[in-house]
Amino acid sequence: MAAVDSLLETTALCKRFGGLHAVKDVDLSLTRGEIRAIIGPNGAGKTTLMNMISGRMSPTSGQVRFKGQDITGLKAWGRVFRGIVYTFQVTSIFKNLTCYENVALAAQRRLMGGVTNRLVLSERQIADRVQAALLQVGLSAAGDQRADTLPYGHQRLLEVAMALALDPELLILDEPLQGLAQEEISAFCDLLRTISQEVTVLLIEHNVSVVLELAEMITVMDSGEIIAEGSPAEIERHREVQKAYLGK
Amino acid sequence: MSFGPHLFLALLEGTVTAFVLALIALGLSLVFGVMRIVNIAHGEFFMLGAVLAWSCSMLVGGGAFMGFAVALVVGPLIVGAMAVAADGLILRRINYQPESTIVATIGLLYIIQQLVLTLFGADARPVVPPIYFRVSFPWFGYSGYKLIVAGVSGLLLLGTWLAMSKTKLGLYMRATQQDQEMAQAFGVPVRRVYAKAFALGAMLAAVAGVLVVPIQQAHYLMGLDPLLLSFIVVIIGGLGSLKGTVVAAFVVGISDGVVSVFFSPTLAKIVATLLVAAVLVLRPGGLFGEEGS
Amino acid sequence: MSGRLTGKVLALHLGILGLLFIAQFVLPAYHHTNVARIMVLATYAVGYNILLGYTGLMSLGHAMFFAAGMYGAGLPIYYLQFGAVPAFCVGVLLSLVLAALFGLIALRTSGVSFLIVTMMFAQACYLALLYFNKITMGDQGFILSKSLESVSLGSFEFAFSDPAVKYNIALLLFAGSFLLSALLVGSPTGRVLIAVRENEERTGLLGYNTYKYKLLSLVISGGISGVAGAAYALLFSYVGASFASILYSIYPILWTLLGGTGTTTGPMIGTGIMFYLVDIASGLTSSYLFVVGAVLVMLILWFPKGIMGAVRTRWLPWLP
């Protein structure tokens, strides 16, 4: 499936846990700059697929290619360095550290090239990147606050700030809207649209109405397989999807 | 003595060691399995059993046998009570958190050990065996009491197995070991099971101490070697697995006996400690099987 | 922005070192030697704290690194008539190599498994020292003072028997590791170590190879412990297997917990207090190790943050 400007491609990606076939032969292809949503009922294999793309899990068989290169054997930290950034379903920030420290950890990764950098990197450079990321998500004022004192919605924004500070090319969001209030959801969607001007976004979401509005392409999974793929309008009309997921 | 009889002697010694080690290790394994904690003070419970047995032999009239019989009952009970106290005052308060428990039980080790040093002194105290007879083999005579120790230990192991599989407490313990949250959901009083498991583990070690003291002498440092050995047995044999612990105790006990007789006890220990490290490094699931590969 | 090597933090560290320097002119002889000893042991604690306090890995086997430094320095002096400086280098090198090899093997484990592996390895090293006692003199140990008179730097000759020499060399080495720990903790690398302590998986998903960072921390930690061990052999002229026993793996846990893990100033304070507690207790009873047990239990139950940890939470959040 050669696309025009294909950023990420999976080929026949499979994951088996003992007897359970969680992901079966998935061929996924992401174009640069798109917003792709993956939807499907619980247990469809969405998170497992994300785990294999981000490197948290290794596939039973199949391939993952990023920017034309085979990354199937590359560990998670290596993938982050190449530009694939993953944010957790359950917020996983550094609770005991300040927001600044949280984002600084991400920001300095890009700057830590050689050995000397690791000890004497200018705090100024890091601070600039941190402020930029916090500004983009709207948390500029929260720099000195401890991360666990933030309300839940802001913690999710902090996660996004950390992801942005890593200069991602592909941003993978695992159920980012879960637990957010309505106003927060619209603000978050605006943020995502802004981000996607520079970053390819891949998200798993259960909130179907938001997905239909936000995504440019939707992939529908069920029982470990892709059962449909297309624009939001196509997906809405798709018979199998209506049966399996939309409950019609 | 030629090689054959020498080997037979080593095997006999190893078997007796193995039985006693199985008792001590079983206590540790129970605590590992049910409570998911590492109790570094476990060897001190063994030492306390021995020391209490010596005290009984000094305080109780009626000859060696009476003193021993009293010790066999009173020793484990006292040690069990101390264990329950330690659980309630310390372990429960730190919520059985793994690394804190290790540090706390190290502290407990020193507290118990040094208190015994203060009260009983630094000398090794001998205890007369309750029954004394010799079994005559064609090449050497062997202490009959040691064979009795092996026999009694075997009976106690059997008894523990029966208790674990047939009694309600045993059922509770096995359930808690398998899945603590599920057990709690089914109404198992997990906190009380923990206290009883800790007490039972301590009592098994104490009984071993009482049995062994006529063979070894009572000394405030005698808990350290059995601690290391039972660690080795439990990690190799598999945590909380009764059968695994007993089998491993035999493997470790007999090979330790043989190696000690023919080579050197220090060398035997070096090999054993490195073996444990190897098992832990190579085992994919971590100590309690929860860490991912 | 806590912990960064700001002017305030640097001033604090230099101030403490300055106080220690001045102290040698006012301390009576008995305490003079004690403080020298404390500074060497505090170096050990500082090394230990880098692994425990800042990277979050508890080891029960650091005595093997301390002993590697001690024997690495002591054996060449005793048998090969090495001078002080070359012997010191051998000791430190040995502990660094041991830490690296050990880390390569053991760092696939974590948590309690890691702790037990460190304990077993260190125990094996201790037993090996006893087994080869024809060379190492086992528990009895050996004395260096006849073989090691002095160290010469340029045209200056410093006799090891001179208490002032002992004190200032101990201070110099402590200062080095103290400042190094402050520098490390305030650096981007230190930030990563703290992140590993707080949430290792997340740190990996920020693009860091956490295994490499843990190994680095272990090697630095082991190396500083080796510096302490080598210094102890040189300054106090005695090498013995008791320094490889599990008690000397338990001591740094005690010292850092008391002083405050995860603080640069904690280890030194914890070492100082415990040294005097044990010193006083051993004058009163032969079961003085009771205080070790009692303090450990009390710390775990009631003061898990330690002294400087509590100070930092309540009054001085900028403390590294």
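Trainee: How much area is buried between chain C and chain A, and which atoms give it?

Mentor: Read the total together with its chemical make-up. In this predicted model, chain C and chain A bury about 2,500 Å² between them, with 57% coming from carbon and sulfur atoms. On the chain C side, C:Arg191, C:Arg202 and C:Leu205 supply 28% of the buried area, more than any other three residues. The contact involves 23 residues of chain C and 29 residues of chain A.

Trainee: How many salt bridges are there between chain C and chain A?

Mentor: Look for oppositely charged side chains facing each other. The count here is three salt bridges. In one of them, C:Arg202 meets A:Glu159 at 3.0 Å, N to O. Twelve residue pairs are also in polar contact across this interface.

Trainee: Which element gives the largest share of the chain C side that touches chain A?

Mentor: That is H8(C), with seven residues. By class, this side holds ten nonpolar, seven polar and six charged residues.

Trainee: What about chain B and chain C: how large is the area buried there?

Mentor: Go through the same steps again. The buried area is about 3,200 Å², and carbon and sulfur atoms give 81% of it. In chain B, the residues losing the most area to chain C are B:Val103, B:Tyr110 and B:Val281, together 19% of what that side buries. There are zero salt bridges and two residue pairs in polar contact.

Trainee: Which helix of chain B supplies the largest share of the side touching chain C?

Mentor: H4(B) does, with 15 residues. That side of chain B has 26 nonpolar, eight polar and four charged residues.

How values were computed:
Residues numbered from 1 in each chain as written. Chains lettered and ligands numbered in written order. Predicted model: local features only at pLDDT ≥ 70, side-chain atom pairs only at ≥ 80, totals over all residues. Heavy atoms only, no water. Contact = heavy atoms within 4.5 Å. Buried area = accessible area lost by both parts, 1.4 Å probe. Salt bridge = Lys/Arg side-chain N within 4 Å of Asp/Glu carboxyl O. Polar contact = N/O pair within 3.5 Å; in protein donor to acceptor, adjacent residues only side chain to side chain. Helix = DSSP H or I, 4+ residues; strand = E, 2+ residues; numbered from the N terminus. Nonpolar A, V, L, I, M, F, W, Y, C, P; charged D, E, K, R; others polar.
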